[in-house]
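Here is a short tour of the strands in this model and how they pair. Have the 3D view open as you read.

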Amino acid sequence: MEEQALREQLPRDGPSISTGDRQLFGYVGIDAVLDQMRIKTMKTGFEFNIMVVGQSGLGKSTMVNTLFKSKISRKSTGTGYEERIPKTVHLLSVTHIVEEKGVKMKLTVTDTPGFGDQINNQNCWEPIVEFINEQYERYLREEILINRKRKIPDTRVHACVYFVPPTGHWLRPLDLEFMWRLSKITNVVPVIARADTLTLEERAEFKQKIQKDLKAHGIHVYPQVDFDEDPDDRLLNDKIREKIPFAVVGADKEHQVNGKKVLGRKTKWGIIEVENPAHCEFPLLRDLLIRSHLQDLKDITHNVHYEQYRVRRLNESNQASKGGQCLALSAVNGEPESHL
Ligand SMILES: Nc1nc2c(ncn2[C@@H]2O[C@H](COP(=O)(O)OP(=O)(O)O)[C@@H](O)[C@H]2O)c(=O)[nH]1
Ligand SMILES: [Mg+2]
């Protein structure tokens, strides 16, 4: 009796054929592909690129350091390391190799000069839009080569963190315009910057106003409902959408709290710990970017944003060749008409 039960559990040779709900043969072993995928990713590693955008003085450069100094890469930067952040004048990319349990990630964060200092902020998004498109262009040029690399270096921006000033009012026309343009070409993750300057009630109220404003202007930030592939994703993402924009605080200095070193900001109310979910939503931002949605951000960049760029560029090249012009893929930015 026992022996027969055991035999029924054992895998049989040959494939499993299922007719409706009924499984005719036993275990086939398809799940072994998961191990193969894991080993392959461990060997090759992967690239992930984030960009920070927003007006000057909102804490973008600090946040880049916070990300690198927070738990994702404490080891690679070392502790007690202090540095004065120079004012960012050019787009500046910093890359760290983060390794965990044998998996290697090449994490690049691009810091951008703040805008809003000038009297005239017209077209201040141009260098940033150009940078994002340039990375698509680079990828495309590698991809259309006859002898192409097995693994194309990926510098495309997978997530663009947009810093909203903590005014507590509505979004400014400049922020709306900027985010609208960015959301057409990349995954935009808005955050309320310097959230320690707002009370918890103010943060919640501001968050709702921003959500309303984005909806009213048809600005689709990440994660977009249209791209949720299954009901489980939708449930999870609905929860995230309720919390976006995350109210974040950045800090690159460590303080002693209860005998432990924590990243935080000293205020008159005490130390605001940036990695403590009870103090601010930096941990939600880090988890979304690095833990829960990293692969999705990469997939959407490749399958949606890059695809749109590729189609547009190849159509343009075709048109040019029909008109007898040179087929060379010259850089274009296909600027959309102003939205507001
Ligand atoms: N209160 C507060 N100040 C911050 C925060 N993040 C950065 N700062 C400070 O704001 C100033 C400008 O920061 P920086 O990172 O250079 O801003 P960026 O111009 O957007 O890159 C610095 O003095 C930072 O110490 C924050 O979350 N809260
Ligand atoms: Mg800066």
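Which residue in β5 does V94 stand opposite? The partner is V109. This is a predicted model, in which local features need pLDDT of at least 70, side-chain atom pairs count only at pLDDT 80 or more, and totals for chains, interfaces and linings use all residues. Residues are numbered from 1 along each chain as its sequence is written, chains are lettered from A and ligands numbered from 1 in the order written, and side-chain values use heavy atoms, without hydrogens and water.

Let's begin with the open sheet, whose 6 strands follow the order β4-β5-β3-β6-β7-β8 with mixed pairing. Its edge strands, β4 (92-100) and β8 (246-247), each pair on one side only. Strands (E, at least two residues) and helices (H or I, at least four) are DSSP runs numbered from the N terminus, and two strands pair if DSSP finds at least two bridges between them.

Helix α6 (residues 173-185) lies across β3 (46-54), β6 (159-164) and β7 (188-192). It runs at about 175° to β6; axes are lines fitted to C-alpha atoms, for helices over the stretch in contact (heavy atoms within 4.5 Å), and angles run from 0 to 180 degrees between N-to-C directions.

Three antiparallel pairings can be set side by side:

| Strands | Bridges | Opposite residues |
|---|---|---|
| β4 and β5 (103-111) | 9 bridges | V94 and V109 |
| β9 (254-257) and β10 (260-267) | 4 bridges | E254 and L263 |
| β10 and β11 (270-273) | 4 bridges | G264 and E273 |

The hairpin of β9 and β10 has 2 residues between the strands, and N258 there takes a positive phi near 50°. Another hairpin joins β10 to β11, also through 2 residues.
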